[in-house]
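I opened the notebook to go through this structure one item at a time. The entries follow the order in which I looked things up.

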Protein chains: 2
Amino acid sequence: MESRKASKLFEALSSDVRLDVFRLLVRNAPDGLVAGDVARLLDIPATNLSFHLKALTQSGLVTAEREGRFIRYKASIPLMLDVIAYLTSECCSGNPECCRKFREQSSVDPRFLPTR
Amino acid sequence: MESRKASKLFEALSSDVRLDVFRLLVRNAPDGLVAGDVARLLDIPATNLSFHLKALTQSGLVTAEREGRFIRYKASIPLMLDVIAYLTSECCSGNPECCRKFREQSSVDPRFLPTR
DNA sequence: GGGACAGTTCAATAAAACTTGAAATATGTC
DNA sequence: GACATATTTCAAGTTTTATTGAACTGTCCC
């Protein structure tokens, strides 16, 4: 991944609304949700949600497909994983011992962290 | 982590310049670099770099400490890992089999991915 | 076709972020 | 103290983003 692409992905996640939407879609992977469900669950006006869904979709982090009258949105988990790897893959210039120490300082379940 | 905090962290990574700076500091963990080194390595005017270093520092993703005439900046790897976990921890509502399939679709080294 | 529903686009405004040069602050050296 | 170096702060202009209501498009069902 290149830097400009990655920064666009982070930009897509840089608003409260979009991050909440994306996490909701991640939680509801792999099926996703239709726009109206997202609006109801997060209590976002349709117009504003549409603006943010468009931004997420253009970034590639979310996909959209029509389903009758509805449009179903899904999180692109593989792209999410790619951008995570972009952030971490050169940590400590690849020194695994250095990274291990950092992981131990994190407060989260190690299952949700890269192993290196 | 709460949503507003996480979106602020992604905002910190949402500019080309800041993402390049942050990744440079991650690569140079745990020692970090002084501002002038960052400016030279990435060819960024001092004024602009200072603006972005301030944003990164205020987000918490980067720490700063004076070292004589210099100021040394370091990436906060534990916070980076926390925000990664925030993004991934509720994936597929915790269904490990579902997440495993997604990991397999990713094009990156699995060592850089969460195991769940 | 007409009406209801789902969702988007448009226009306007308000708010925030980016970049740059000039000036200022802090530190070290002579 | 005077000067050079490292970095930041300030001010100004430009650009980008967020939010909202009104109008529009697409789909379903009668």
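**Entry 1: DNA strand D**

Which of the 22 residues around DNA strand D come nearest? I listed them with one caution in mind, that this is a predicted model. The nearest are A:Glu11, A:Thr47, A:His52, B:Gly36 and B:Tyr73. I then looked at which parts of the strand take part: of the strand D atoms that come within 4 Å of the protein, sugar and phosphate make up 69%.

I looked up individual polar contacts next. The side chain of A:Thr47 has an N or O atom 3.2 Å from a base nitrogen of DNA strand D. The side chain of A:His52 instead pairs with the backbone of the DNA, with an N or O atom 2.7 Å from a phosphate oxygen of strand D. For B:Gly36 I found a polar backbone atom 2.6 Å from a phosphate oxygen of strand D. Two or more residues each are given to this surface by helix H4 (46-59) of chain A, and by helix H3 (35-42), helix H4 (46-59) and strand S3 (70-75) of chain B. I sorted the residues near strand D by class and got eight nonpolar, eight polar and six charged.

**Entry 2: DNA strand C**

I repeated the search on the other strand. Around DNA strand C there are 22 residues, and A:Gly36, A:Tyr73, B:Glu11, B:Thr47 and B:His52 are the closest. Sugar or phosphate accounts for 70% of the strand C atoms within 4 Å of the protein, and bases for the rest.

Three phosphate contacts went into my notes. An N or O atom in the side chain of A:Tyr73 is 2.2 Å from a phosphate oxygen of strand C. For the side chain of B:Arg18, the distance from an N or O atom to a phosphate oxygen of strand C is 3.0 Å. B:His52 places a polar side-chain atom 2.7 Å from a phosphate oxygen of strand C. The elements giving two or more residues here are helix H3 (35-42), H4 and strand S3 (70-75) of chain A, along with H4 of chain B. By class, I noted eight nonpolar, eight polar and six charged residues near strand C.

**Entry 3: how the two chains are related**

What rotation superposes chain A on chain B? I found 180°, with 0.0 Å of shift along the axis and an RMSD of 0.0 Å. The two copies are therefore related as by a two-fold rotation axis. In chain A, A:Pro114 has the C-alpha nearest that axis, at 2.2 Å. I also checked the contact surface: 100% of the contact residues of chain A recur in chain B, so the same surface serves both copies.

**Entry 4: H5 against H5**

I then took one helix pair between the chains. Helix H5 (residues 77-88) of chain A and helix H5 (residues 77-88) of chain B have axes that come within 11 Å and cross at roughly 175°. Angles over 145° count as roughly antiparallel, and H5(A) and H5(B) are therefore roughly antiparallel to each other. On the H5(A) side, A:Met80, A:Ile84, A:Leu87 and A:Thr88 make the contact, and they meet B:Met80, B:Ile84, B:Leu87 and B:Thr88 in H5(B). This contact has six nonpolar and two polar residues, and no charged ones.

**Entry 5: chain A by itself**

Last, I noted the fold elements. Chain A has six helices and three strands, and from the N terminus they run α-α-β-α-α-β-β-α-α. The C-alpha trace of chain A spans about 55 × 30 × 20 Å along its principal axes.

Notes:
Residues are numbered from 1 along each chain as its sequence is written. Chains are lettered from A and ligands numbered from 1 in the order in which they are written. This is a predicted model: local features need pLDDT of at least 70, side-chain atom pairs count only at pLDDT 80 or more; totals for chains, interfaces and linings use all residues. Side-chain values use heavy atoms; hydrogens and water are left out. Axes are lines fitted to C-alpha atoms, for helices over the stretch in contact, and angles run from 0 to 180 degrees between N-to-C directions. Helices (H or I, at least four residues) and strands (E, at least two) are DSSP runs, numbered from the N terminus. Angles under 35 degrees count as roughly parallel, over 145 as roughly antiparallel, 65 to 115 as roughly perpendicular and the rest as oblique. Contact means heavy atoms within 4.5 Å. Ala, Val, Leu, Ile, Met, Phe, Trp, Tyr, Cys and Pro count as nonpolar, Asp, Glu, Lys and Arg as charged, and the others, Gly among them, as polar. A residue is near a molecule or strand if one of its heavy atoms lies within 4 Å of it. A polar contact is a pair of N or O atoms within 3.5 Å; within protein, one must be able to donate a hydrogen and the other to accept it, and residues adjacent in sequence count only if both atoms are side-chain atoms. Copies are superposed by least squares on the C-alpha atoms of residues with pLDDT of at least 70 in both.
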